[in-house]
Amino acid sequence: MSLSFEGRVALVTGAGGGLGKEYALAFASRGASVVVNDLGVDTKGGGRSSAAADKVVEEIRVKGGKAVANYDSVEDGEKLIQSALDAFGRIDIVVNNAGILRDRSFARTSDLDWDLIHRVHLRGSFLVTRAAWNHMKKQNFGRIIMTASAAGIYGNFGQANYSAAKLGLLGLANTLAIEGRKYNIHCNTIAPVAGSRLTETVMPPDLVASLKPEYVAPLVLWLCHEQCQENGGLFEAGAGWIGKLRWERTEGRIVRQRNKPMTPEGVRDQWDAICDFENATKPANVQESLHSVVSVLSQVESDGEVGANPAAAAASGATGSGFNPAEAIGQKLPSSSFSFTSNQCILYALGVGMSTRDPDSLRFLYEGHQDFSCLPTFGVIPSQAATMGGGLSSVPGLSIDFTQVLHGEQYLELYKPLPTSGTLTSETTVADVLDKGSGAVILLDANTYNGDELVCYNQFSVFVVGAGRFGGKRSSDKAKAPLPPPKRAPDAVVIESTTGDQAALYRLSGDWNPLHIDPGFAAMGGESRTRRTAVRSGLPVFFCFVFFVFFPSFSNDVTTISFILAHAVFKNATGSGFRAPILHGLCSFGFAARHVLKRFANNDPAKFKAIKVRFARPVFPGQSLQTEMWKEGSRIHIQCKVKETGDVALAGGYVDLHGTSEASPEILPQGGGLQSDLVFAEIGRRVKDLGSELVKKVNAVFGWEITKAGEKAAEWTIDLKNGSGSVLRGPPGGKVDVTFTLSDEDFMEVVTGKLQPQKAFFSGKLKVRGNIMLSQKLEVILKDYAKL
């Protein structure tokens with residue numbers, strides 16, 4: 001059903017041209033009555049004319065719409081709103097769009113330059129919105145748009161006045177979103193990129209022409225519709241692309257101790273950890289922002305320890321009573337057996353993303369293949385079943401609240417390639433119990449045998465929230481520790497989309513938790529402050545394990561018990577819900593292992609030795625997994641991200657391989673050690689396979705100039721116009737349609753998603769010559785085909 005604004009009244013400021021005009025026309029075309037405000041000034045705020053607003057009103061009326069013009073300054077906010085009331089009797093929507101520019105370097109910015117920008121952008125939006133506020137409250141409906149800018153979000157040379165005003169609008173919008181919520185008044189902020197009188201001063205003409213205002217207007221209309229419940233959001237938009245932004249914060253470190261002075265040297269010594277975003281949180285309000293700071297007081301007073309994550313430690317309130325590691329360590333859980341056929345091996349391979357579209361995958365999907373094999377990570381399945389067989393609740397020395405049990409990490413080591421059918425038996429032992437302050441960690445070692453032969457070993461790291469402070473040790477030489485990746489660009493990156501049915505398929509390998517299939521059930525656990533700790537530690541991944549461990553006698557009624565326990569766990573530990581069923585963490589684990597096996601071991605399971613990961617964030621079916629890989633001898637460090645959000649799903653991971661040489665098959669000889677060579681080599685492979693198809697879609701020749709330390713280090717030509725396409729290193733032999741110049745480091749930041757191309761362009765890191773419009777086709781090459 002199309003969105004209608006029949007009966008709604010919208011005021012758009014600065015609507016005489018550009019974005020504002022497009023908003024006004026779009027609202028009117030869908031039935032809204034529109035007040036077209038424009039003072040008729042030039043881009044610097046000079047002059048005055050009614051012509052611009054009158055022209056837009058006439059265009060609306062000719063098309064059968066309803067509109068009136070208003071020529072007042074936004075500093076006369078009451079007059080603008082009164083125009084709406086006089087003409088249409090109400091005001092429902094305010095789009096604060098009016099703006100001017102007075103760009104100067106900071107040293108040359110005058111008082112007038114500063115004040116005029118703030119009066120129009122920030123003060124004007126305040127006055128117009130305030131005039132409408134009480135009317136919206138009385139009618140229990142209102143939609144407000146603030147217009148920020150990339151300059152306000154990121155800063156921009158020569159726009160200190162404009163940047164400050166634009167970011168001020170975001171702060172204003174965030175507060176209005178909070179105050180207006182109970183009156184059904186929603187306030188959101190947009191940072192549009194579109195061709196207008198303002199952007200034409202800072203963009204090339206052909207780019208201005210291509211960034212049409214009609215590519216932004218649909219976002220504004222959706223945010224202003226009664227069906228839209230978005231409130232307090234910040235969105236960038238342009239050229240048909242829309243992205244939502246949010247704040248991100250490192251875990252941070254406490255750098256003082258009880259009864260000791262805090263020093264700059266202490267800050268210096270913890271600086272890398274303070275700035276480490278690997279386990280970043282995303283505070284959504286002032287309360288969440290302040291919680292960690294306030295909780296420092298209780299943590300420092302309690303034990304004076306310098307450490308991370310004060311919120312979790314302070315929140316736990318744990319005493320550790322009931323934990324006696326000396327009794328628990330060495331206790332064995334009941335042994336179990338796991339019988340399977342080739343069907344289970346194939347089903348597991350499909351569940352972790354294998355497909356017949358890749359011929360190399362057939363050995364894991366077809367029992368008649370001459371090299372038919374079982375994927376190495378299938379080794380978690382029999383050992384997981386063994387652990388679910390239960391009895392952990394009866395282990396002496398462990399008094400555990402089952403609603404606080406989380407899955408933190410997983411280690412799997414294979415001693416022989418897994419059989420494709422048979423019966424495996426597993427023995428599970430409590431290897432160690434650690435005191436982490438805010439909780440306890442239980443290390444469970446599971447050895448799996450094929451007859452008398454040891455086939456594989458798993459270590460489950462189980463975190464029990466609130467069970468710490470029992471006086472135990474904090475670390476163990478028995479624990480398989482996660483390792484940070486090298487501090488350089490990855491040697492290989494694979495991006496692979498999961499399907500919307502990925503969790504539904506993976507669960508058939510034995511994890512029947514409805515969290516991964518039932519939307520109503522998933523809605524019971526999710527996005528609260530406590531969940532950041534829970535999900536980071538993998539609670540959804542391990543939940544099925546939890547109820548079997550503590551209630552083995554109910555193992556015949558999986559659905560009933562899982563529902564009861566999950567309801568208790570998620571309502572107590574998280575307080576709200578996931579927007580949809582989530583993917584199993586061990587499914588993401590399987591995806592990452594596959595990527596390493598193909599890139600560095602030629603899909604040979606005999607070369608696979610071990611894998612270790614820490615579960616960090618949830619993944620939703622349909623999202624893309626981006627596995628970043630660093631080769632260090634026979635160890636491949638891995639980090640797996642959600643491509644769409646940038647969240648790290650698997651952290652501190654690595655895969656150990658047998659019999660690999662120091663040179664990866666993916667790494668070509670690199671003059672000067674250019675990481676970009678890896679990317680062009682990957683594009684070359686894809687072009688070789690799919691060149692004809694790419695030539696039809698792209699039909700252009702791209703030139704790349706890669707610099708190192710300010711000097712040209714390499715040239716590449718991607719020819720997707722002639723023949724079946726080609727990728728060649730060296731100067732182009734013929735005409736190039738568009739040439740890109742940037743450093744090797746910035747190139748890798750762009751292709752791995754850490755640096756937006758638009759930001760690189762406007763900051764001067766990316767230079768473009770030739771037909772700039774062809775830039776939009778790069779996504780076809782880099783994302784859809786090179787999988788970067």
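Colleague: Let's start with Asp656: is this residue buried or exposed?
Modeller: Bear in mind that this is a predicted model. The relative accessible area of Asp656 comes out at 11%. Since the cut-off for a buried residue is under 20%, Asp656 is buried.

Colleague: Which residue meets the side chain of Asp656 in a salt bridge?
Modeller: The N to O distance of this salt bridge is 2.7 Å. The pair joins distant parts of the chain, with Asp656 in strand S18 and its partner in strand S17, 21 residues apart. That partner is partly exposed, at 25% relative accessible area. The residue is Arg635.

Colleague: How many residues apart in sequence are Lys598 and Asp358?
Modeller: These two form a salt bridge, and their closest N and O atoms are 2.6 Å apart. Lys598 sits in helix H22, while Asp358 lies in the loop between H14 and H15. Lys598 itself is partly exposed, with a relative accessible area of 37%. The pair links distant parts of the chain, and the separation is 240 residues.

Colleague: And how many salt bridges does a search of the whole structure find?
Modeller: Some of them join up: Arg8, Arg90, Asp92 and Glu226 are linked in a network. Another salt bridge brings together the side chains of Arg488 and Glu632, at 2.6 Å from N to O. For the whole structure, the search gives 31.

Colleague: Which cysteine has the sulfur nearest to that of Cys374?
Modeller: A search of the whole structure turns up zero disulfides. Cys374 is in none, although the nearest cysteine sulfur is 3.5 Å away; a disulfide would need the two sulfur atoms within 2.5 Å. Cys374 is also buried, at 3% relative accessibility. The nearest sulfur belongs to Cys345.

Colleague: Val352 is also buried, so what is its relative accessible area?
Modeller: Val352 lies in the loop between helix H14 and helix H15. Leaving aside neighbours within four places in sequence, Val352 is in contact with several residues, including Leu375, Tyr506, Phe591 and Arg594. Its relative accessible area is 0%.

Colleague: How many residues of strand S5 are buried?
Modeller: In a regular strand, side chains alternate between the two faces of the sheet. On one side of S5, Gly142, Ile144 and Met146 are buried. On the other side, Arg143, Ile145 and Thr147 are buried too. Of its six residues, the number buried is six.

Colleague: What is the bridge partner of Ile144 in S6?
Modeller: S5 pairs with S4 in the parallel sense over four bridges, and Ile144 is the partner of Val94 there. S4, helix H4 and S5 together make a right-handed β-α-β unit. S5 and S6 also pair in the parallel sense, over six bridges. In S6, the partner of Ile144 is Cys187.

Colleague: In the open sheet with the order S21-S20-S19-S22-S23, which strands stand at the edges?
Modeller: This open sheet has five strands with mixed pairing. Each edge strand has a single partner strand, so one side of each is left without a neighbour in the sheet. The edge strands are S21 and S23.

Colleague: By what angle are neighbouring strands of this sheet turned against each other on average?
Modeller: S20 and S21 run antiparallel and are joined by four bridges, with Arg729 in S21 as the partner of Trp716. Helix H24 lies across S19 and S22, running at about 105° to S22. With direction ignored, the average turn between neighbouring strands is 15°.

Definitions and conventions. Residues numbered from 1 in each chain as written. Predicted model: local features only at pLDDT ≥ 70, side-chain atom pairs only at ≥ 80, totals over all residues. Heavy atoms only, no water. Buried < 20%, exposed > 50% of the residue type's maximum accessible area, 1.4 Å probe, protein only. Helix = DSSP H or I, 4+ residues; strand = E, 2+ residues; numbered from the N terminus. Pairing = 2+ DSSP bridges. Right-handed = clockwise from strand over helix to strand, strands pointing away. Axes fitted to C-alpha atoms, helices over the stretch in contact; angles between N-to-C directions. Contact = heavy atoms within 4.5 Å. Salt bridge = Lys/Arg side-chain N within 4 Å of Asp/Glu carboxyl O.
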